[in-house]
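Me: Please take a close look at a single helix in this structure, its length and its burial. Then go on to whatever else can be said about the interior.

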Amino acid sequence: MAKKDYRQSNIPTSQNQKDQSNRVNNGVFVFTRSMNVAELAKELGINVNDIIKFLFLEKKMMVTINQNLDDETIGLICLQFGFDFKKEKIVSEEQFEEVEIIDKPEDLLPRPAVVTIMGHVDHGKTTLIDAIRSSHLVDSEVGGISQAIGAYQKEINGQKITFLDTPGHEAFTAMRSRGAAVTDIVVLVVAADDGVMPQTIEAIDHAKAAGVPIIVAINKIDKEGADPSRIKTELMSYDIIAEEYGGSNICCEISAKKNIGIKELLESILLVAEMQELKANPNRYAIGTVIEAKLDKGEGPKATLLVQNGTLSFQDYVVVGTAYGKIRRMTNEHKKILKEAKPSTPVVVIGLSEVPNAGDKFMAFPTEKQAREIAEKRALIKKQNEQGAQAAATLEKLYSKITESNGEVQEVNIVLKADTTGSAEAVKASLDKLSNDQVHINVIHSSAGAITNNDIMLASASNAIIYGFNVRPTAMVQAKAEEEGVEIRLHRIIYALTEEMEAAIKGMYKKEQVEKVIGQAEVRSLIKISKVGTVAGSYVTSGVIKAGCSVRVLRDGVIVYEGKLNSLKRFKDDAREVKEGFECGMTIENFNDIKENDVIEAYEMVEKE
């Protein structure tokens, strides 16, 4: 006999009913939608005319029985006739991110704190994780920087703490922001020999936006030039004030490399977690967030999930973004197979129908049918939204091109493939920043996984370049690319990729051409020669007149002709140029209506600095 599932659904039955009626409970009128005067009178059990009379006499509003009332007016009527009021939002199953879960206090149990390690690139975040876990993660990182969010759990003094290691490089701002959104405590790592840097400030902003406490880990105190006091002083400018200075932020001086101060830092984390009284209800179906996701060649879509409430069990049916599936295997960071995961537990799962996006919410459901139907509805909604967004973006680009004042905008199409969805998102964000008023970078497709023949065909049809980040094409795909004339650029470090694209953009600039006046000459005599035309005997009053240059003829300050200098002579000889203070003879291409006292202005077009 199958074991009965003890967990309750996250979505109340009443919220599944889209036509949920309004109701009066204990003098409180609970409504879910706008309504007209007649409907409201019926719900409250009062006379329609009494409502119309009240609105006319007290609020100077003239309404009919079929007129819709806004929420504020419904509230005023309720209060007038002795009712309190409350509007409830109906949340459909496919919008489970918006479900507000309210647990009974007796159902809540303590859960581990989720701690995010943040800070500037190369300030020692991953080395700190290594010190906590006694691992060697930093050795495996490309270019010495983290390029994904790692999730780990550690037991300290009998209590578990979940750690998220977010990348510190500027390109991963979006991933770092996502880390703060699911965390309870932020550990801000600042190098004692370096100080507050741009990503340090961003990390502070993300932590403050998430409303979570910040513990400062002043790292590398063993290095020459380390000055923890200076770091604490610098942080005060960003409202991070150490406890010893009368503030509320714990500051721990550590050396992650030499394992100095790590114990004190962990004890500080436990202290702050205890003060927060973190709790969750394990007796419901799991809900949480995707930390990272990728396509594994052997196992298919693989996602790292952080359970935030409820319990996720092996063989649960889950909806993640627009993907769904039955969990076929669930492991922790040590690759140990788990049968269930309680709140604040990070797990790696396989069994999803497709690779979800990092940052997507997930929810477990009792049956496959329910999960599949919800995922299909979510996919349809996403497709409709994307179609609307794409149409708007296309119109916007068209408008931009029409209103551009400096010629055509050159567009570079990119097909982007990366090892994980988080990396793809970060690279795309970096490329988007490189666009300017002359070159627009258009990432037409971005996803996780290997470069395929479909990517080659898309790039060929769109005249796009393929960028691969931590992925490589097979020999067959490479041959297809060469056949189609598609360029594939491969990178393993994000700033190298963006620097290459930036250099390419600079080479594509259509430099703005500006006019530079090089000289003026005054027409003092006219000589008409058959088969040649009118020769203007002129005196150069300023600058220089050059053979073959562009000229305009000014008469009383008004331009009467613009064209090109046909010939330039000094006496009877051709001249390359005639400078100020000298006389010359000139003919202008396709223009013979020259007059005495006209001014011939010579100019050339040069690239604007």
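Reply: Helix α11 covers residues 421-433, and at 1.5 Å a residue its 13 residues should span 18 Å; the end C-alpha atoms are 19 Å apart, which agrees. The expected span is 1.5 Å times one less than the number of residues. Helices (H or I, at least four residues) and strands (E, at least two) are DSSP runs, numbered from the N terminus. This is a predicted model, in which local features need pLDDT of at least 70 and side-chain atom pairs count only at pLDDT 80 or more, while totals for chains, interfaces and linings use all residues. Residues are numbered from 1 along each chain as its sequence is written, and side-chain values use heavy atoms, with hydrogens and water left out.

The buried residues of α11 are T421, G422, S423, A424, A426, V427, S430 and L431. Buried means under 20% relative accessible area, exposed over 50%, and partly exposed in between (1.4 Å probe, protein chains only).

Outside the helix, I466 in strand β24 (residues 464-469) counts as buried because its relative accessibility is 0%. The C-alpha atoms of I466 and I414 are separated by 5.8 Å, although the two are 52 residues apart along the chain.

The largest nonpolar core (buried Ala, Val, Leu, Ile, Met, Phe, Trp, Tyr and Cys residues joined through side-chain atoms within 4.5 Å) has 28 residues. V115, L128, F163, V187, L265 and I269 touch the most other members. At least two residues each come from β7 (113-119), α5 (125-133), β8 (150-156), β9 (159-165), β10 (185-191), β11 (214-219) and α9 (262-276). The largest share, 7 residues, is that of α9.

As for cysteines, the whole structure holds 0 disulfides (pairs of cysteine sulfur atoms within 2.5 Å). For C549, the nearest cysteine sulfur belongs to C584, 10.0 Å away. C549 counts as buried because its relative accessibility is 8%, and C78 is buried at 0%.

Empty space comes last. A cavity is a set of points on a 1 Å grid over the protein atoms alone where a 1.4 Å probe fits but cannot get out, and lining residues have an atom within 4 Å of a point. There are 2 cavities of 30 Å³ or more, and the largest holds about 40 Å³ of space. T534, A536, M586, T587, I588, F591, N592 and I594 line the largest cavity. Two or more of its lining residues come from each of β27 (533-546) and β32 (583-588), and β32 gives the largest share, 3 residues.

Technical notes:
1 Å grid on protein atoms, 1.4 Å probe; cavity = no way out; pocket = protein on both sides within 12 Å on 5 of 7 lines; lining within 4 Å. Points joined across faces, edges and corners; volume = space filled by probe spheres on them.
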